[in-house]
Amino acid sequence: MPAVDKLLLEEALQDSPQTRSLLSVFEEDAGTLTDYTNQLLQAMQRVYGAQNEMCLATQQLSKQLLAYEKQNFALGKGDEEVISTLHYFSKVVDELNVLHTELAKQLADTMVLPIIQFREKDLTEVSTLKDLFGLASHDVCLFLEHDLSMAKYSRLPKKKENEKVKTEVGKEVAAARRKQHLSSLQYYCALNALQYRKRMAMMEPMIGFAHGQINFFKKGAEMFSKHMDSFLSSVADMVQSIQVELEAEAEKMRVSQQEFLSVDESVYTPDSDVAAPQINRNLIQKAGYLNLRNKTGLVTTTWERLYFFTQGGNLMCQPRGAVAGGLIQDLDNCSVMAVDCEDRRYCFQITTPNGKSGIILQAESRKENEEWICAINNISRQIYLTDNPEAVAIKLNQTALQAVTPITSFGKKQESSCPSQNLKNSEMENENDKIVPKATASLPEAEELIAPGTPIQFDIVLPATEFLDQNRGSRRTNPFGETEDESFPEAEDSLLQQMFIVRFLGSMAVKTDSTTEVIYEAMRQVLAARAIHNIFRMTESHLMVTSQSLRLIDPQTQVSRANFELTSVTQFAAHQENKRLVGFVIRIPESTGEESLSTYIFESNSEGEKICYAINLGKEIIAVQKDPEALAQLMLSIPLTNDGKYVLLNDQPDDNDGNPSEHRGAESEA
């Protein structure tokens, strides 16, 4: 190593200008060294701080890797391999954190601490001695003391020497020079030693830094080189396989996207196929956007576009941004029909089982409108509760579509599928052979029952106001739909008074009333005609069965729509598969003196057999009214209410119908 520049200690006493000039060079070097040491210490402290931050960062990284398993990912299926891999990486990071912590401690002891000690000890000592030397060299008092001593010493006479005075003056000069010489020697020695310590202080911290890093990498290599190679290789293979799957899926999605975008423009048009849309009438669930009609005032309304879907027997609605849907309407036993609303197309209304108007919805196309109506109609029949609801819906719709072909009637199918009826029906047939005859052995053909091409009426022929005028003469109609107390006086005197909620499906002329087969054939043709011509509108009424007549009453205005004398009812029957279908044959006298036969078909909220039982009981009452003894026997055989009317229905709810309790109460009071 080259020689180090030094201050000559023997020149400290003389304190010549040359020595002072050389001293200033050493002082400048010491000042530069102090500034550099401070900057070097800041850099080393930054390295140490970064290493400490690495320890905290690796610790946090390990925790986050373990936290992946606890995240509630909505699409977390198939993450087991990722979770196990991250667990292993967490252990690796923990081991690395131990090494980083040890390295941080080594850097603090072997790099940062030596440079701090050099600055605090050596550089501070030089700075202190410099201050002392400056005070000794430039102290006014000391300077005056030395000059006064030299002045006294210089004025000593040549001949008359006073030894005592000379000795005292000499001592004063020597003391002043000794003091200055001592401070100079200490300062010079410190500056000379600083040149050696400077070189040591610069290299010791870097030696500690290098050793710490070497130990860190050596221990890391020893710890991970043996078992990490195979693990990293397997993880790399897994990532590569995922990348291959991603590329394959991206290509598949790209092809699918091109196929979707290459479709005909009619896919985006709401009502592209207006003439002959492909309608699925076998739906038991449906979902899509509809416009909901909301009343905002007495005469003002708004329409809101919402997402609707069916769930079991419920119609649900889910607004945009909502997590789940809410119940809008219970569809069990409800009715649905197309309506005209505010000059809007494709509107339909859902009516509750008690006859109250429900919600009005608008579909975006004819196809959607009819599919929603079919789906709600299927759900209202509670087909979804069967074991195979799709098959039941298909079977019912296929049966309805067999419109004109002269195949066997519904009665033949019922006889093969249901050879024996329940006890109540068998008793009713046995007791009333004259009123409801059983099917004969040889079933008539369809042409023998109903003439081909017979028109079907899908609404009640006689309007309510016209019928009211005929029955009430000059009595004025209440414009607010309210009824008077004596609207139906015959009902008050009747022993039988039974109310059912029904929907009129259709009526048509028939050729015979000798068998119930004519009712089954009429059911088939009415349902088939409705399905073929897409007629979903149904008129809902209250059917009142008394011991004198059958009366259809408007549920809103309580005005009678139609009235049939019970004696004119010659046949009545309920369908055995669709238990809510019921029909009866009416014999009506014509002005020409002849009689015409018409069949009326209804859909009831309750079982059709209950309506048939009520009609049969009414006819029995008519038959025995003129015979007091027979009437007494009939009254004894059937339970009565407190006011003397017949109780027809059980108090227990009908599980097959699923009617609400309030409807059951209204229909079970006779």
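Colleague: What makes β5 and β6 a hairpin, and which residue in the turn has a positive phi?

Modeller: In this predicted model, β5 and β6 form a hairpin with 2 residues between them, and Glu-342 in the turn has a positive phi of about 50 degrees. The two strands, β5 with residues 335-341 and β6 with residues 344-351, pair in the antiparallel sense over 6 bridges. Since pairing asks for at least two bridges, the 6 bridges between β5 and β6 meet the condition.

Colleague: Where does Cys-347 come into the pairing of β6?

Modeller: On the side of β5, Val-339 has Cys-347 in β6 as its bridge partner. On the side of strand β7 (residues 357-362), the bridge partner of Cys-347 is Gln-362. β6 and β7 run antiparallel and are joined by 4 bridges, which again satisfies the requirement of at least two.

Colleague: How do you know that β6 is mostly covered?

Modeller: Of the 8 residues in β6, 6 are buried, where buried means a relative accessible area under 20%.

Colleague: Why is Gln-362 called buried?

Modeller: Gln-362 has a relative accessible area of 11%, and the limit for a buried residue is under 20%, so Gln-362 is classed as buried. Leaving aside neighbours within four places in sequence, Gln-362 is in contact with Leu-290, Asn-291, Trp-303, Arg-344, Arg-345, Tyr-346 and Cys-347.

Colleague: What makes the approach of the Gln-362 side chain to the backbone oxygen of Arg-345 a polar contact?

Modeller: A polar atom of the Gln-362 side chain lies 3.1 Å from the backbone oxygen of Arg-345, and the cut-off for a polar contact is within 3.5 Å.

Colleague: Why is the meeting of Lys-286 and Glu-368 called a salt bridge?

Modeller: The N to O distance between the side chains of Lys-286 and Glu-368 is 3.3 Å, and a salt bridge needs a Lys or Arg side-chain nitrogen within 4 Å of a carboxyl oxygen of Asp or Glu, so the pair qualifies. The pair links distant parts of the chain, with Lys-286 in the loop between α5 (228-261) and β1 (287-295), and Glu-368 in helix α6 (residues 366-380), 82 residues apart. Lys-286 itself is buried, its relative accessible area being 11%.

Colleague: What does the salt bridge of Arg-503 with Glu-603 tie together?

Modeller: The closest N and O atoms of Arg-503 and Glu-603 are 3.3 Å apart, which falls within the 4 Å limit. Arg-503 lies in strand β9 (residues 497-509) and Glu-603 in strand β15 (residues 595-604), so the salt bridge ties together parts that are 100 residues apart in sequence. Both Arg-503 and Glu-603 are buried. The strands that carry them run antiparallel, with 7 bridges joining β9 to β15, and Val-502 stands opposite Ser-604 in β15.

Colleague: How do you know that β15 is mostly covered, and how many of its residues are buried?

Modeller: In β15, 8 of the 10 residues are buried. Strand β14 (residues 581-589) also pairs with β15, in the antiparallel sense and over 9 bridges, and in this pairing Gly-583 has Ile-601 as its bridge partner. The hairpin of β14 and β15 has 5 residues between the strands, and Gly-593 takes a positive phi near 100 degrees there.

Colleague: Why are Arg-524 and Glu-521 separated by about one helical turn?

Modeller: Arg-524 and Glu-521 both belong to helix α13 (residues 517-532) and are 3 residues apart, which is why about one helical turn separates them. Their closest N and O atoms are 2.4 Å apart, within the 4 Å limit for a salt bridge, and both residues are buried. Elsewhere, salt bridges that share partners join Lys-286, Lys-367, Glu-368 and Glu-371 into one network. A search of the whole structure finds 19 salt bridges.

Colleague: What makes up the largest nonpolar core, and which elements give residues to this core?

Modeller: The largest nonpolar core has 32 residues, and those with the most contacts inside it are Leu-23, Phe-118, Tyr-187, Leu-191, Leu-194 and Met-202. The elements that give two or more residues to this core are α1 (17-67), α2 (80-138), α4 (163-224) and α5, and the largest share, 12 residues, comes from α2. A second, separate core of 28 residues includes Val-502, Leu-543, Leu-566 and Ala-614.

Conventions
Residues are numbered from 1 along each chain as its sequence is written. This is a predicted model: local features need pLDDT of at least 70, side-chain atom pairs count only at pLDDT 80 or more; totals for chains, interfaces and linings use all residues. Side-chain values use heavy atoms; hydrogens and water are left out. Buried means under 20% relative accessible area, exposed over 50%, partly exposed in between (1.4 Å probe, protein chains only). A polar contact is a pair of N or O atoms within 3.5 Å; within protein, one must be able to donate a hydrogen and the other to accept it, and residues adjacent in sequence count only if both atoms are side-chain atoms. Contact means heavy atoms within 4.5 Å. A nonpolar core is a set of buried Ala, Val, Leu, Ile, Met, Phe, Trp, Tyr and Cys residues joined through side-chain atoms within 4.5 Å.
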